[in-house]
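Here is a short report on a two-chain model. Please keep the sequence and the 3D view open while reading.

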Amino acid sequence: MTQIPVIPAVETPAEAAPKRLGKRRGWKSYSVYVGLAAILVYCLAPFYWMLVSSFRRTSDIFDNSLLPQPFSAENYFKVFDGSTMFGQALLNSLIVAGVTTAAALVLGIFAAYAISRLNFRFKSVILGVIIATSMFPGISVVVPLLRLFTDIGWINTYQAMIVPNLSFAIPLAVWNLTTFMKSLPFDLEEAAMIDGCSKWQAFRKVLLPLAAPGVFTTAILTFIHSWNEFIIALSMVNDPAIQTATVAISKFTGATEFQAPFGEQMAAGVIVTIPLVIMVLIFQRRIVEGLTSGATK
Amino acid sequence: MAAMLLSPTLLVLALVIAYPLISALYQSMFRQQSGLDADGFVSEGEVFVGLGNYTDLFVGETGARFLNAFGNTTFFTVTTVALETILGLCLALAMNRAFRGRSFLRASILIPWAIPTAVSGLLWRWIFQSDGIANNLIGSEILWTAEGVASKVAIIVAEVWKTAPFIGLLVLAGMQIIPEEVYEAARIDGAGFWRQVRSITLPLVKPTLLVAVLFRLLDALRMFDLPFVLIGPGKESVETLSMLAWDESNQLRYGSASAFAIILFLYVAVVAIAFVKILGADVAGTKEVRALSRATSTRKVKAAR
């Protein structure tokens, strides 16, 4: 589309606008607040219910009070009591998501630099192909690779999850980084090169520091996607010592055979989600920029 | 230079995208056979069946299961994306009018998006328990997580909850690059709120909305985690193509699993291409790439002078 510069920050029009609202404080402005309250309830109520349920005792898990009465952390102790290897699963998730993110970033930075700064034939074709791969269905990767990995003995290893994860992490990283690097002016690098920097030096000393915010945003997005990944981890690993947290909680049957341990499941769900919620709270503006930078161009 | 920088990325993509695609095509022409041979020994192995796995998609037991999964996938994609788009637009409109507490709103709207789908499946499974909060609130005794229409509804509710905010966020970003003057002019000309939405916001936000809808369509077509965790594998009323292919490969029937995976891939590709061709969604920003390469080449010409 047109060459719109990167949206500076989602808030700009908002900050310019309050005077408009001040004048007419009728039912309209109240209806706005009602609408916003509805959005808050919509987004947070299910999550809140998970949180509340996780703090109930097993005996009153079916209570429907809005606060846990009495408050109890017993589910959290049970989650970590060792029978479920949940702590190990969290560590596995961290390793898999961390390595996936790092690998995708390294490959993505070089690819994005080439696409945004160099001229070569078939450039838009290559970018198109890389982006097109991101719509590849996970199952179409899993079925053939499952067989390959069985043959070469990779089942129940970290790399069996990390390598297929790159199928969605690389397109995500390349695309985000390319959009970001394209938004940076070429002039600074040009000036550096006129002053005698080599291309590599201009890249390392000028472009990379400038692109750091974009790299960081990409890292957050890639990490969240890899942390949430399910079908690959479910298929490639069946050893509880290697499986990731999302798979571990889906298989959570707990100690009792008779009833699904909902309290523990909710507690485990909260634990898996909390790192993401913290990231969202701290980096919300970056995340939104990263998510929207491609779509609004 | 460019080749050197791009080759690692392309190499990895070849391993995790091109190889699986070719390998799936190849494997989909074989079938696992086990039976007794003429001497009474158990013989196991794979036999070449050509397009047998594909022709089987329309007959017999496999055929019924495939058509059911195909129908479910299509049904879930159409219903959830339609609902998400409407709801996402409403969310964006409401947020675009909000001036205070916007960052808090933004953080809370990101939470459904950030929750892992597997966790949200568990969460909704708990909400939809027979004696859970959903039945309690609407005073019913529906078995949401068993087979049947109710389970489809449960999937749709959970999916829309998680993904409507995503559309809302993208559309909001598109709304915020519309200059305020346009609205001002419309107001001076006497256009009311709805008229402004219809004549300014919607047309100008359309490119962004199209991209968001395309993303969601492609994502919904490969739906797996949510039905898998919320209802469970092998349930007829919610089995999607991804789940069917996964189940087949779990049974070591790689041939038919590959055929299902190929069909799903083709389905996704056809939808994507049709969407881009018909509605003209500029996903890759290719026009921009061209504009940029033009700009850099003129710069070179200037530098050469």
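A residue counts as buried if 20 or more other C-beta atoms lie within 10 Å of its own, and as exposed if there are 12 or fewer. On that basis, buried residues make up 42% of the 305 residues in chain B. This is a predicted model.

## The two chains

Chain A has 297 residues, and 46% of them count as buried. Chain A holds 13 helices and 0 strands. Its elements, read from the N terminus, are α-α-α-α-α-α-α-α-α-α-α-α-α. Chain B has 13 helices and 2 strands.

Contacts between distant parts of the sequence can be stated for each chain. In chain A, 77% of the contacts with a separation of 6 or more join residues 24 or more positions apart. In chain B, 67% of the contacts with a separation of 6 or more are of this kind, 24 or more positions apart.

The domain assignment splits chain A into domain 1 (12–78) and domain 2 (85–251). The C-alpha centres of these two domains of chain A are 34 Å apart.

## Where the chains meet

The contact between the chains takes 87 residues from chain A and 87 residues from chain B. On the side of chain B, helix α1 (residues 2–27) gives the largest share, with 14 residues. By type, the chain B side divides into 58 nonpolar, 18 polar and 11 charged residues.

## A helix pair in chain B

Helix α7 (residues 149–176) and helix α9 (residues 193–221) of chain B pack with their axes 9 Å apart. The angle between them is about 145°. The crossing of α7(B) and α9(B) is right-handed. From α7(B), the residues in this contact are B:T163, B:I167, B:L170, B:V171, B:A173, B:G174 and B:M175. They meet B:T201, B:V205, B:T208, B:L209, B:A212 and B:R216 of α9(B). The residues of the contact divide into 8 nonpolar, 4 polar and 1 charged.

## Helix α12 of chain B and its ends

Does the length of helix α12 (residues 254–279) of chain B agree or disagree with 1.5 Å a residue? It agrees: the 26 residues should span 38 Å, and the end C-alpha atoms are 37 Å apart. Just after α12(B) comes B:G280, with a positive phi of about 70°.

B:L252 lies in the loop between α11 (241–250) and α12 of chain B. Phi of B:L252 is near 65°, which is positive in a residue other than glycine. B:L252 counts as exposed because it has 12 C-beta neighbours inside 10 Å.

Chain A also has a non-glycine residue with positive phi. A:F122 has a phi of about 60° and is not a glycine. A:F122 sits in the loop between α5 (86–117) and α6 (123–133) of chain A. With 10 other C-beta atoms within 10 Å, A:F122 is exposed.

## Residues within helices

Three helix residues show how burial can be read from neighbour counts.

| Residue | Helix | Other C-beta atoms within 10 Å | Class |
|---|---|---|---|
| A:V247 | α12 (residues 245–250) of chain A | 26 | buried |
| A:M236 | α11 (residues 231–236) of chain A | 28 | buried |
| B:V78 | α3 (residues 60–96) of chain B | 12 | exposed |

Which residues does A:V247 touch, not counting those up to four places away in sequence? They are A:F230, A:A233 and A:L234. A:V247 and A:L91 are 156 residues apart along the chain, with 13 Å between their C-alpha atoms.

A:M236 is in contact with A:L146, A:F149, A:I155, A:A160 and A:M161, leaving aside neighbours within four places in sequence. A:M236 and A:F186 are 50 residues apart along the chain, and their C-alpha atoms are separated by 44 Å.

Why is B:V78 classed as exposed? B:V78 has 12 other C-beta atoms within 10 Å, and a residue with 12 or fewer counts as exposed. The C-alpha atoms of B:V78 and B:G148 are separated by 18 Å, with these positions 70 residues apart along the chain.

How values were computed: Residues numbered from 1 in each chain as written. Chains lettered and ligands numbered in written order. Predicted model: local features only at pLDDT ≥ 70, side-chain atom pairs only at ≥ 80, totals over all residues. Domains from an automatic or database assignment. Contact = placed C-beta atoms within 7 Å. Helix = DSSP H or I, 4+ residues; strand = E, 2+ residues; numbered from the N terminus. Nonpolar A, V, L, I, M, F, W, Y, C, P; charged D, E, K, R; others polar. Axes fitted to C-alpha atoms, helices over the stretch in contact; angles between N-to-C directions. Left-handed = near helix turned anticlockwise from the far one by under 90°. Expected span 1.5 Å × (residues − 1).
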